[in-house]
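Hello,

Here is the structure I promised to pass on. Please have a look, and then read on for what I found in it.

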Amino acid sequence: MVTGANAYVANWLVKNLLDEGLTVHTAVINLNNKKKIAHLIEVAEKAEGAIKFFESDLLKNGSYKKAMEDCELFFYTASPITFHVKDAQKELIDPAVLGTENVLNSANEVHSVKKVVLPSSSLAMVTYVMDTINNTEDKLTEKLWNETTSLGYQPYAYSKTLAKKRLGK
């Protein structure tokens, strides 16, 4: 299963999985919006694998369970990305943080899921070079967190940081 399949990285991931001959489950907000999934259908038609679409919502508990059923591998790539928001909490933070909790809780409940792959962004670690000032290591690691962002400053980076920090709790 791949979430966020309309996004750039996930789109390539879906293509590669389909080219390997796998069946890919993907979740979309609205199954009736054929325009948003047309490119995925086209990719699947040219590949050896098959694609199945499921309607899901990051903020709705359990809405990803059906899509995860019969999947061993779950790629969680969904996270809203926009840099022009009216309400950062509602548009970025809640979907990133609560969405991460919701889908990972579902993955824990679906017995077929054996592995979860959760890619992130370097923005969860740093926004600018000044974020590395207190870094005592010579490299970026999971110990480094972006501490310069906030709800009002770089909220997308802030959402990535909060979502990844939530995984540690």
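A good place to start is W12, which counts as partly exposed because its relative accessibility is 45% (buried means under 20% relative accessible area, exposed over 50%, partly exposed in between, with a 1.4 Å probe and protein chains only). This tryptophan sits in helix α1, residues 8-19 (helices are DSSP runs of H or I with at least four residues, strands are runs of E with at least two, and both are numbered from the N terminus).

Before going further, a word on the source: this is a predicted model, in which local features need pLDDT of at least 70 and side-chain atom pairs count only at pLDDT 80 or more, while totals for chains, interfaces and linings use all residues. Residues are numbered from 1 along each chain as its sequence is written, and side-chain values use heavy atoms, with hydrogens and water left out.

Back to W12: together with Y8 and V9 it makes a nonpolar surface patch of about 410 Å². Patches are made of residues with over 30% relative accessible area and no salt bridge (a side-chain nitrogen of Lys or Arg within 4 Å of a carboxyl oxygen of Asp or Glu), where like charges are joined within 9 Å and nonpolar side chains (Val, Leu, Ile, Met, Phe, Trp, Tyr) within 5 Å. The accessible areas come from the Shrake-Rupley method with a 1.4 Å probe, and for residues only the protein chains shown count as cover.

Helix α1 also holds A10, and this alanine counts as buried because its relative accessibility is 2%. A10 and S79 lie 69 residues apart in sequence, with 11 Å between their C-alpha atoms.

Next, the strands. β1 (residues 23-28) and β2 (residues 50-55) pair in the parallel sense over six bridges (pairing takes at least two bridges found by DSSP). Within this pair, T23 stands opposite A50 and A27 opposite F54. Five of the six residues of β1 are buried, so this strand is largely enclosed by the rest of the structure.

With helix α2 (residues 34-45) between them in the unit, β1 and β2 make a right-handed β-α-β arrangement (right-handed if, with the strands pointing away from the viewer, the path from the first strand over the helix to the second runs clockwise). I41 belongs to α2 and counts as partly exposed because its relative accessibility is 31%. Its C-alpha atom is 9.3 Å from that of K52, 11 residues away along the chain.

Where is the largest nonpolar core built? It has 16 residues, and those with the most contacts inside it are M1, Y64, M68, F74 and V103 (a nonpolar core is a set of buried Ala, Val, Leu, Ile, Met, Phe, Trp, Tyr and Cys residues joined through side-chain atoms within 4.5 Å). Helices α3 (65-68) and α4 (88-109) each supply at least two of its residues, and α4 gives the most, with three.

Finally, two loop residues. D70, between α3 and β3 (73-75), has a positive phi near 75° without being a glycine; it counts as exposed because its relative accessibility is 71%. Q154, between β4 (115-117) and α5 (155-167), also is not a glycine and has a positive phi of about 55°.

Best wishes
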